[in-house]
Structure formats: structure tokens, C-alpha cells
Amino acid sequence: MACIKGVNRSASVALAPDAPYMAAGTMAGAVDLSFSSSANLEIFKFDFQNDDRELPVVGECPSSERFNRLAWGKNGSGFDEFSLGLIAGGLVDGNIDLWNPLSLIRSEASEQALVGHLSRHKGPVRGLEFNAIAPNLLASGADDGEICIWDLGAPAQPSHFPPLRGSGSASQGEISFLSWNSKVQHILASTSYNGTTVVWDLKKQKPVISFADSVRRRCSVLQWHPDVATQLVVASDEDGSPALRLWDMRNIMSPVKEFVGHTKGVIAMAWCPSDSSYLLTCAKDNRTICWDTITGEIVCELPAGSNWNFDVHWYPKIPGVISASSFDGKIGIYNIEGCSRYGVGEGDIGAVPLRAPKWYKRPVGASFGFGGKIVSFHPRTSSLSTSAPSEVFLHNLVTEDSLVSRSSEFESAIQNGERSSLRALCEKKSQESESQDDQETWGFLKVMFEDDGTARTKLLMHLGFSLPAEEKDTVQDDLSQSVNDITLEDKVTEKVAHESEKEATLFGADNGEDFFNNLPSPKADTPVSTSENNFAVENVVPSADLIPQESDGLEESEDPSFDDAVQRALVVGDYKGAVAQCIAANKMADALVIAHVGGASLWESTRDQYLKMSRSPYLKVVSAMVNNDLMSLVNTRPLKFWKETLALLCTFAQREEWTVLCDTLASKLMAAGNTLAATLCYICAGNIDKTVEIWSRCLTTEHDGKCYVDLLQDLMEKTIVLALATGQKRFSASLCKLVEKYAEILASQGLLTTAMEYLKLLGSDELSPELVILKDRIALSTEPGMCFRRWLMVTAVMLLHMVI
């Protein structure tokens with residue numbers, strides 16, 4: 001429905017510029033049903049939330065005379081008591097009364113509400129308007145042809161400028177309407193019933209332009225263009241010349257444009273303050289038309305009543321709402337959008353469909369796009385036309401400068417994938433890290449990129465263990481050989497050399513291996529010495545003079561029965577029995593020597609039994625190495641010695657068991673609450689999932705004063721370096737989620753290529769739907785030519801919003 005509110009009054013109307021109020025003054029010459037001659041000024045409130053169709057009266061007072069024109073200006077005095085401005089009424093007796101609308105709304109006495117009385121004119125005041133730029137200035141014009149300018153800075157004591165009166169071609173008779181220029185404060189235009197329109201310059205106090213129609217038609221109303229300072233439209237109330245004419249002051253020889261549609265004289269008009277392409281007019285043909293001033297066509301028409309409208313206005317607070325006063329005795333409030341259904345028929349002149357008004361358009365706008373892009377538009381500043389195209393801009397929006405900088409730096413560091421570059425990166429990160437844990441973590445990651453064959457040696461050194469320079473390259477082989485060759489000398493040298501040089505050569509240069517390799521095979525009938533002291537070797541080789549001579553007699557034993565039993569077993573070649581006798585007597589050294597003579601099987605079983613019986617920690621280590629049972633070593637060694645345990649694994653673990661052993665050690669450390677040690681062991685095992693699971697715990701809260709984005713960047717740098725070190729390409733769901741989140745952040749900062757590289761690390765198997773969508777969006781955004789096509793698409797959509 002077009003009419004949304006109304007009030008039964010025959011009144012001239014003025015709408016408050018900054019408040020939801022309407023002033024209505026009893027129209028001169030109008031007669032109501034009671035034929036009353038009284039005059040009143042009333043204030044109605046706009047309440048569009050209320051379903052009541054009748055506007056409520058919130059203030060009223062009587063007037064001495066009826067109104068020809070009513071104007072409502074902003075507060076030009078600066079006083080709070082005039083916060084709603086002033087209402088000026090041009091009365092039929094030539095006077096102008098001033099009211100304070102705030103006093104009327106507060107229901108104060110009419111004497112307090114009437115704040116000014118201006119007496120100058122002779123005859124009805126039909127020209128009356130406040131200056132929108134300088135609201136303290138009020139212009140008035142009457143039948144006497146004079147134009148007065150009033151300064152209402154002090155409403156009770158207004159200032160009066162000398163009246164403006166033209167001569168010659170600028171001479172005017174009865175002033176029918178006047179209008180302040182909307183762009184230039186000191187320019188005023190007036191028109192009169194004698195057909196003359198005059199433009200006044202208040203600085204010069206004289207007319208600067210005057211013109212009239214060729215037929216010198218009677219002019220009833222004029223309005224300055226809201227946007228073009230040199231153009232104004234003039235209309236006539238003559239039925240024979242109802243056309244509206246748009247004039248440009250730069251060339252007044254002929255009008256710029258004519259608006260043809262009314263069939264009888266035009267009484268009133270109002271230019272839309274929200275969209276200068278709309279002009280509202282009402283005429284004696286009982287039509288109220290909204291014009292498109294750009295095309296000159298009729299946009300829509302208010303529903304016709306039984307009598308014509310004589311006063312129309314646009315509501316400044318809500319675009320598209322208008323008021324129309326009719327001689328039917330009604331003031332109607334209309335929604336112009338609802339009036340479109342009553343538009344001109346197809347067979348009539350200038351019929352056009354309703355287009356989107358300017359207040360539906362976005363003067364400026366912005367829209368975020370994928371990949372850290374934002375598209376914006378605004379009108380061309382140099383264009384004065386409301387239909388001028390807008391300029392569209394595409395921006396890169398970066399909100400995480402530190403992330404972009406760090407990500408770009410990290411990407412360039414790992415781009416070539418060389419181990420030397422990655423080692424240098426880890427070294428740099430270790431030095432830059434403020435946290436001791438991070439320094440240790442990057443140190444371990446650095447070891448992961450050591451050259452093949454030296455990584456474990458470097459890890460040993462990193463753990464604090466150093467090897468002799470000549471043995472570093474063969475530490476595992478030499479130590480394994482040494483364990484396998486544990487033995488004692490089982491045969492006495494039949495003849496001891498007397499030369500010290502020969503003795504020194506025998507013990508100083510022999511590495512043990514040649515000695516055992518040159519031993520003769522044992523035989524059952526080989527005589528065995530019964531002396532248990534014949535195998536003693538001093539730490540320092542004695543000189544030839546000090547070597548004791550072999551005794552012909554046998555030394556007595558402390559336990560002759562034991563000696564006899566062992567000798568009897570040896571005589572018959574029962575090495576196993578002899579070893580058993582020695583073990584029973586807790587003579588493990590004798591048992592090991594005899595077992596060596598008895599063959600490899602006996603030697604190994606004796607050695608294992610000895611290691612099992614020993615309580616020495618280092619022999620527990622030897623036992624694990626000899627039996628190749630490093631898992632028991634991991635499970636039994638105290639966790640406080642985890643570095644030594646990891647070093648032992650580094651030295652003796654085979655490649656195929658290295659990961660399992662490190663994982664087991666890390667799990668035990670994690671259960672004991674040693675998170676850093678567990679993380680380092682997981683790194684050694686190449687277990688990315690477990691490592692990242694520990695690292696990601698810091699993301700839930702601020703850590704070391706860092707924000708979430710910085711913590712995520714730290715995490716992804718360590719994760720990617722670990723992935724490059726291990727070559728692992730399958731990740732857990734939780735890690736995939738982290739990579740997805742990180743890629744989303746990178747993409748939002750415009751780093752689409754970098755984001756795609758991270759997503760490629762996850763492979764293409766069993767990806768979540770979210771990851772698939774993210775990869776597709778990045779791929780589309782980085783495809784050559786796609787960005788431009790997306791930009792065109794976004795631009796088209798935004799321009800569509802502007803014209804609908």
C-alpha cells in the first residue's frame with residue numbers, strides 16, 4: 001500500500017531536518033467541513049513502528065493568520081533550547097512568525113513557543129526558506145516584490161539585511177517562490193508570477209542573472225539542483241504551459257531539458273535530497289509525479305485522490321518517504337516504492353519501469369575474497385553525474401606481517417632441500433631461540449641432516465660423548481669385535497725371552513687379535529699346567545733380569561682337593577666339567593680361561609653365565625650388547641641416564657631396530673613426565689606424529705608471550721624440518737588438521753603458492769573434505785588467468801548490486 005500514514009488536515013507542511021517530526025499550518029484559502037476560519041500550527045510525530053495509521057499530535061498552538069508557506073530550519077543559534085531548530089510561517093497578512101518546536105512539543109505556553117515576529121512585507125508571504133548551509137539565514141519574499149534576508153542567530157532579536165529589489169529585466173512582481181543554492185551559500189534564486197526568475201548574489205546585494213520564458217509564462221515554483229550548483233528547474237501553474245524546464249545559469253538562452261507529463265499547471269515540487277535524479281511534482285491535473293531528471297521520464301506516480309495536491313516534500317530521515325497535502329483535507333505519507341504499482345500505463349507518455357534509486361545503491365563497498373584479497377569500489381570523484389560508473393580496486397590485505405615475513409624466509413631456506421642448507425637453518429634457529437627447550441630441539445634436528453655414516457657419531461658428540469679421533473669412524477665395529485674377543489691367555493709361554501726389547505714388542509704392539517688367531521688347536525692329550533699362577537701378567541713388562549725362573553716343583557694350593565678335581569677334568573679333556581668346578585668355587589676368571597680352550601660353545605655359555613651373575617652396571621651394558629638385546633637395556637636402565645641409553649643405542653643399534661628402540665625409550669620418558677627428553681627421542685625415531693602431538697600442546701595457551709599465529713609458525717617450521725629429515729609422507733589426522741589450519745592462514749595472507757606446498761606434503765590419499773576444498777580453491781586462485789577471471793566475476797557482482 002502506497003499511503004502508510006496520514007492525518008486529516010488542509011495544511012502546508014514542513015518536515016524537521018534532523019528529527020521525526022512534521023509541522024502543519026492551516027492552509028490559506030482552504031475550507032474545512034466546519035467552515036472554520038481559525039488557524040493553527042501543529043506538530044506531528046512520525047512513528048513507523050506503530051500500526052496506527054493516524055500520525056499523533058505532539059504539539060500545537062494557535063496562529064494569528066493562516067499560512068501560505070511553512071519552513072523548518074536547523075538550529076542556527078547554537079543554543080540547546082533551539083535544539084530542534086526553528087519553524088517559520090509565512091502568513092497571509094505579510095508577517096512571518098517564528099516558533100520554537102521544542103517548546104511546542106513540551107506543551108509550553110504558546111507565548112513561549114512564539115519566539116519571533118517579522119514584519120516587513122506587504123501582501124502574502126509565498127517565498128520562505130532557510131539556508132541549508134547557514135541555517136541562521138532565512139529568506140522571504142511576498143507580493144510586494146521585495147526579498148528580505150533575516151539573521152536568526154538570536155531569534156528574539158533578528159537582524160534584517162537591506163531588501164533585495166530588482167530593476168529593469170530583473171524586476172519582479174509577486175514573489176511566488178524562492179530557493180537557496182545547495183552548494184553556494186550566498187546565492188539565492190527567486191521567481192515570480194510575472195514570469196521572471198532572478199539569481200541574487202548576497203555578497204554584492206544585487207541580481208547577477210535574470211531570465212524569463214520566451215512566452216513569459218507565469219512561474220509558480222523553482223528548485224536548485226541538489227548536486228549541480230548552476231542548474232535549477234522552474235515550473236508554471238498555467239494550464240497552457242505545464243512543462244517543467246531545467247535551466248543552466250551558464251547558458252540561459254534556452255532550457256537544458258523539459259519534463260513533459262502534466263496536463264495542467266504545476267503547483268509545487270521537491271527535489272529528492274537522497275537522490276538528485278528524482279524530482280517530485282504535483283499539479284492541477286490531480287497527478288503527483290516522480291521524475292527521472294537524467295532521462296526526463298516519469299518513474300512513478302502517487303495514487304490520485306478526488307482533488308489535487310498542493311504541497312509535497314521528501315522526508316529527510318528515511319529515503320523514499322514523501323508527504324503530500326491535498327485539497328481533500330488530507331496529508332498523506334507515502335512510500336514511493338509502493339507507488340510504482342500506480343505508475344504510468346504503457347500507452348502514456350514517458351512510461352518507464354521503476355529503477356533502483358540512489359539510496360539503494362552502495363556509494364562505497366568492499367568484499368573479502370579468497371587468498372587475502374579485498375575488492376572495493378567508490379564513485380569517481382571527478383564525476384558529477386549520479387549515474388557515473390564507480391572505480392573498482394583490488395587490494396592485498398595482510399594482517400599478520402610477522403607471519404608473512406617468517407614464512408617467506410623459511411620457505412626460501414628450505415626451497416632447494418640441500419642438507420647443508422637445512423643444517424645451517426637448524427643452527428640459526430638454535431642460536432636465535434630464547435627457550436632452552438627450543439635450542440635443544442633444533443640441535444637434535446640439526447643432527448638429523450648430517451651426512452650418511454656420521455649422523456650417529458655427531459649425535460654421540462651432541463649428547464656429550466667424545467671418541468678418540470682415530471676410532472670415531474669405526475667405533476661400532478671395534479667395540480663389537482672387542483666384546484666378541486673377550487678372553488684370557490690360556491697357555492703359558494714355554495720360554496720367556498730375556499731381552500727387554502723383545503718383551504716390549506710382544507705386549508706393546510700386539511692388539512690381541514693376532515695372539516688368539518695364532519693359538520694352536522686344543523687337544524685332549526695336551527698337558528695342562530697345574531699352576532694357577534702361571535698366567536699372571538703385570539701391568540709393566542719386567543726386565544729380563546727380574547723375570548723369575550720356572551720352578552721345577554709345584555706350588556701348594558690353598559684347596560688341594562679343588563685343584564685336583566680341576567686337573568683331573570682337564571687331563572681327560574672335560575673342559576665343561578672343569579668350568580663347572582671353577583664356577584662352583586666362584587673362580588670366574590679361571591672358568592672363562594678354561595672355557596676359551598674348550599671351544600666356542602662352551603666359551604659363549606660361560607660368558608653369558610658370568611654376565612648374568614655380575615651386578616656391575618657396565619657389565620649389564622656388555623650383556624645387552626653381547627646378546628644383542630638392547631630392548632632389555634632400554635627397559636631396565638634408570639631413566640635419569642636416558643642420554644647414556646640413547647648413546648648406547650646410537651652406537652650399537654641396527655638400522656632396522658633403531659626406530660623401535662627410540663620410540664620405546666621416548667614412551668617411557670613421556671610416562672615419567674620428562675617431556676623434553678621424550679620429544680628428543682621421538683625426533684631420533686623420526687616419529688612425527690608423536691613429536692607434533694607434544695609440540696602442539698603449546699597452541700592452546702600463550703607460550704613465552706607469543707600469540708597463536710607465532711606459535712603455529714614455530715610448530716610448522718619444526719614439523720616441516722623433521723618431515724624433510726625423515727622423508728615421511730603419511731601423517732596423522734591431527735597433524736593434517738594443523739597443516740590445514742596453517743595453510744588457511746597462509747592463504748588468507750595471500751601466500752597461496754606457499755600454502756599449496758604445505759598441502760602437497762600431505763599427499764593426495766584419504767584427505768578430509770575440507771582439505772580437498774582448500775586445495776581446489778588455492779589451485780583455482782593460482783591458475784594462470786584465473787585471478788583475472790575471478791576479479792571480473794566479483795566486479796560484475798558488485799556492479800550488479802549498484803544498478804539493481
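Start with helix α7 (residues 455–462), where Thr-457, Leu-459 and Leu-460 are buried. They span an arc of only 160° around the axis, so they sit on the same side of α7. Keep in mind that this is a predicted model. From that helix, we can move on to the cores, the aromatic pairs and the annotated repeats.

**Around helix α7**
- The buried residues of α7 pack against four helices: α6 (436–447), α17 (642–652), α18 (655–671) and α19 (675–685).
- As background, an α-helix has 3.6 residues a turn, so residues three or four places apart point the same way.
- Right after α7 comes Gly-464, which has a positive phi, near 105°.

**Nonpolar cores**
- The largest nonpolar core has 77 residues, and Leu-646, Trp-658 and Ile-778 touch the most other members.
- Helix α21 (residues 708–726) is the top contributor to this core, giving 10 residues.
- Setting aside neighbours within four places in sequence, Leu-646 is in contact with Phe-444, Leu-463, Trp-658, Cys-662, Leu-665, Cys-681 and Cys-684.
- Another core, of 26 residues, lies apart from that one; among its members are Cys-219, Leu-222, Ala-235 and Leu-246.
- In soluble globular proteins, nonpolar side chains tend to be buried together.

**Aromatic pairs**
- There are nine aromatic pairs in the structure.
- Phe-48 and Tyr-315 make a tilted pair, with 6.1 Å centre to centre and 50° between the planes.
- Phe-48 is in the loop between β4 (40–45) and β5 (57–62), while Tyr-315 is in the loop between β26 (309–314) and β27 (321–326), so this pair ties together parts that are 267 residues apart in sequence.
- Phe-48 is partly exposed, at a relative accessible area of 32%, whereas Tyr-315 is buried, at 4%.
- Trp-308 and Phe-327 pair edge-to-face, with 6.0 Å centre to centre and 90° between the planes.
- Here the loop between β25 (297–301) and β26 holds Trp-308, and the loop between β27 and β28 (330–335) holds Phe-327, so the pair ties together parts 19 residues apart in sequence.
- Trp-308 counts as partly exposed, with 27% relative accessibility, and Phe-327 counts as partly exposed too, with 34%.
- Phe-46, Phe-48 and Tyr-315 are linked into a cluster by ring pairs.

**A charge over a ring**
- Arg-218 lies over the face of Tyr-193, 3.7 Å from the ring centre.

**Annotated repeats**
- An unreviewed UniProt entry lists residues 118–152 and 259–301 under "repeat: WD".
- In the model, residues 118–152 are 0% helix and 54% strand, and the end C-alpha atoms of that span lie 11 Å apart.

Definitions and conventions:
Residues numbered from 1 in each chain as written. Predicted model: local features only at pLDDT ≥ 70, side-chain atom pairs only at ≥ 80, totals over all residues. Heavy atoms only, no water. UniProt positions renumbered as here; feature names shortened; annotations may be inferred. Helix = DSSP H or I, 4+ residues; strand = E, 2+ residues; numbered from the N terminus. Core = buried A, V, L, I, M, F, W, Y, C linked by side-chain atoms within 4.5 Å. Buried < 20%, exposed > 50% of the residue type's maximum accessible area, 1.4 Å probe, protein only. Contact = heavy atoms within 4.5 Å. Arc of directions from axis to C-beta. Phe/Tyr/Trp six-rings, centres within 6.5 Å; stacked < 30°, edge-to-face > 60°. Lys NZ or Arg CZ within 6 Å of the ring centre and 35° of its normal.
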